[in-house]
Every structure is written in structure tokens, then in C-alpha cells.
Amino acid sequence: MMLECCLGSIYRLETTYYVSNNVVDACFRKFHRVFWTFKLVCDAFNYTKLITQIDGTFLYEKYCGTLLITTKQDDNARILPIAFLVVEGETLGDWS
């Protein structure tokens, strides 16, 4: 739906195999992580300062995991959210 509403946006959804009782169930996949950014943000990226800031916050209750957000600042000190990533936790692989 995002790609239909915001043409040129980018996303990547990664899943892993679902294992039940030490058997891989081919009918199901398990969420691993998702990344997305919007076309307008990619266009504005060239007009931002060199410093990139990354921060994360924990998700609670129904949706466990971590939301990572990358931001930059333009010359007028306005903050621009560049990319979003939902991962299982703050591991080295997820930060990469």
C-alpha cells in the first residue's frame, strides 16, 4: 500500500522460516525485520548536514522489538527522518 500511495518509496521486509517442534513449517514465515523510507525523504537527503543520528526505542505489549530511526538535519535546523527499521532487538546485525 505504501508503494501505491508514495511512488518511489523503498521498503524491505525480511522473514525467516517458522519452526514448530523442530520441524520447518513451509506454510508460515516468521517476521524478522522491516526497513522503509519515502521518496520525498530521499530527494531531500542531498540538502542535509553531514551528521547522521540513529536512535532506537523499544516496542511493548503486542508488538515486541525495537524501532530504529535515522534522522538528519537541514541548514534551517529542521529534523528530517530518513529511514525506519523494526527489528527484534538491538543486535550488531540489526544495527548493520
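Mentor: A residue is called buried when its relative accessible area is under 20%, and exposed when that area is over 50%. The model before us is predicted, and we may apply these cut-offs to its residues.

Trainee: Why is I82 called buried?

Mentor: The relative accessible area of I82 is 12%. Buried requires under 20%, so I82 is buried. This residue is found in strand 5.

Trainee: What makes strand 5 largely enclosed by the rest of the structure?

Mentor: Strand 5 covers residues 79-87, and seven of its nine residues are buried, so the strand is largely enclosed by the rest of the structure.

Trainee: How do you know that strand 4 and strand 5 pair?

Mentor: Pairing requires at least two bridges between the strands. Strand 4 (residues 65-73) and strand 5 are joined by eight bridges and run antiparallel; therefore they count as a pair. One of the partnerships is that of T70 with A83 in strand 5. The hairpin of these strands has five residues between them, and A77 takes a positive phi near 65° there.

Trainee: Which strand, besides strand 4, is joined to strand 5, and by how many bridges?

Mentor: Strand 2 (residues 23-37) is joined to strand 5 by four bridges, again in the antiparallel sense. With at least two bridges required, this also qualifies as pairing. R33 has V87 of strand 5 as its bridge partner.

Trainee: What makes K72 a buried residue without a salt bridge?

Mentor: K72 lies in strand 4. A salt bridge requires a side-chain nitrogen of Lys or Arg within 4 Å of a carboxyl oxygen of Asp or Glu. For K72, the nearest side chain of opposite charge is D75, at 10 Å, so the buried K72 has no salt bridge.

Trainee: How do you know that the side chain of K72 makes a polar contact with the side chain of T52?

Mentor: The distance is 3.4 Å, and the cut-off is within 3.5 Å, so the pair qualifies as a polar contact. The K72 side chain also reaches the backbone oxygen of K49, at 2.9 Å.

Trainee: Why is Y11 called partly exposed?

Mentor: Y11 has a relative accessible area of 47%. Partly exposed lies between the buried limit of 20% and the exposed limit of 50%, so Y11 is partly exposed. Y11 is found in strand 1 (residues 10-20). Together with L3, L13 and F31, Y11 forms a nonpolar patch on the surface, with about 390 Å² of accessible area in total.

Trainee: Is S20 buried, partly exposed or exposed, and what is its bridge partner?

Mentor: S20, which is placed in strand 1, has 32% relative accessibility and therefore counts as partly exposed. In strand 2, its bridge partner is V23. Strand 1 and strand 2 pair in the antiparallel sense over 11 bridges.

Trainee: What makes the phi of N21 notable?

Mentor: Most residues other than glycine have a negative phi. N21 is not a glycine, and yet its phi is positive, at about 55°. The hairpin of strand 1 and strand 2 has two residues between the strands, and N21 is found in that loop. N22 is found in the loop between strand 1 and strand 2 as well, and has a positive phi of about 60° although not a glycine.

Trainee: Why are N21 and N22 called exposed?

Mentor: The relative accessible area is 72% for N21 and 77% for N22. Exposed requires over 50%, so both residues are exposed.

Definitions and conventions
Residues numbered from 1 in each chain as written. Predicted model: local features only at pLDDT ≥ 70, side-chain atom pairs only at ≥ 80, totals over all residues. Heavy atoms only, no water. Buried < 20%, exposed > 50% of the residue type's maximum accessible area, 1.4 Å probe, protein only. Patch = residues over 30% accessible without salt bridge, like charges linked within 9 Å, V, L, I, M, F, W, Y side chains within 5 Å. Areas by Shrake-Rupley, 256 points an atom, 1.4 Å probe, with all protein chains shown as cover. Lys, Arg positive; Asp, Glu negative; His and termini not counted. Polar contact = N/O pair within 3.5 Å; in protein donor to acceptor, adjacent residues only side chain to side chain.
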